Amino acid sequence: MANSPQAKKRARQNEARFAVNKMRRSRIRTYLRAVEEAIASGDQKAAAEALKVAQPELMRGVTKGVYHKNTAARKMSRLSSRVKAIG
């Protein structure tokens, strides 16, 4: 357990940051799931639209420190190639 005031404060900050990042991660996953469902349905137009909406959310996760830049780029690349393969 944290003993010093500084360590106690850091523990509080970590809890708060964890909660915020958890919400952000969940929000991004929701957008990615929408893309996955559109791909599964076989509708390229809907999948492309969902991908267009999901991309800024994923990149926002990068700027907020939830995802690494290369992770987000890899996810976008794989999703976009799957959307193109539908047609």
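Here is a quick briefing on the core, the salt bridges and a few single residues of this structure. It's a predicted model, so local features need pLDDT of at least 70 and side-chain atom pairs count only at pLDDT 80 or more, while totals for chains, interfaces and linings use all residues. Residues are numbered from 1 along each chain as its sequence is written, and side-chain values use heavy atoms, with hydrogens and water left out.

**The nonpolar core**

- The largest nonpolar core has 17 residues; such a core is a set of buried Ala, Val, Leu, Ile, Met, Phe, Trp, Tyr and Cys residues joined through side-chain atoms within 4.5 Å.
- Buried here means under 20% relative accessible area, exposed means over 50%, and partly exposed is in between (1.4 Å probe, protein chains only).
- The residues with the most contacts inside this core are Leu32, Val35, Ile39, Leu51, Leu58, Tyr67 and Leu79.
- Helices α1 (5-41), α2 (44-63) and α3 (69-86) each chip in at least two residues of this core.
- Of these, α2 gives the most, with six residues.
- The helices are DSSP runs (H or I, at least four residues), numbered from the N terminus; strands would be E runs of at least two.

**Tyr67 and its neighbours**

- Leaving aside residues up to four places away in sequence, Tyr67 touches Arg25, Ile28, Arg29, Leu58, Gly61, Val62 and Lys75.
- A contact means heavy atoms within 4.5 Å.
- Leu58 turns up twice: Tyr67 touches Leu58, and both are listed among the residues with the most contacts inside the core.

**Salt bridges**

- The count comes to three salt bridges, each being a side-chain nitrogen of Lys or Arg within 4 Å of a carboxyl oxygen of Asp or Glu.
- Arg27 and Glu57 pair up through their side chains at 3.0 Å, N to O.
- Arg27 lies in helix α1 and Glu57 in helix α2, so this pair ties together parts that are 30 residues apart in sequence.
- Arg27 counts as partly exposed at 44% relative accessibility, whereas Glu57 is buried, with a relative accessible area of 10%.
- Arg82 bridges to Glu36, with the closest N and O atoms 2.9 Å apart.
- That pair links distant parts of the chain, with Arg82 in helix α3 and Glu36 in helix α1, 46 residues apart.
- Arg82 is partly exposed at 38% relative accessibility, and Glu36 is partly exposed at 33%.
- Arg60 also forms a salt bridge with Glu57, the closest N and O atoms being 2.8 Å apart.
- Arg60 and Glu57 sit three residues apart in helix α2, so about one helical turn separates them.
- Arg60 is partly exposed, with a relative accessible area of 41%.
- Put together, Arg27, Glu57 and Arg60 are linked in a network of salt bridges.

**Two more residues to look at**

- Asn21 belongs to helix α1 and is buried, with a relative accessible area of 16%.
- Not counting residues up to four places away in sequence, Asn21 touches Lys64 and Val66.
- Pro56 has its place in helix α2 and counts as partly exposed at 41% relative accessibility.
- C-alpha to C-alpha, Pro56 and Ala2 are 38 Å apart in space, with their positions 54 residues apart in sequence numbering.
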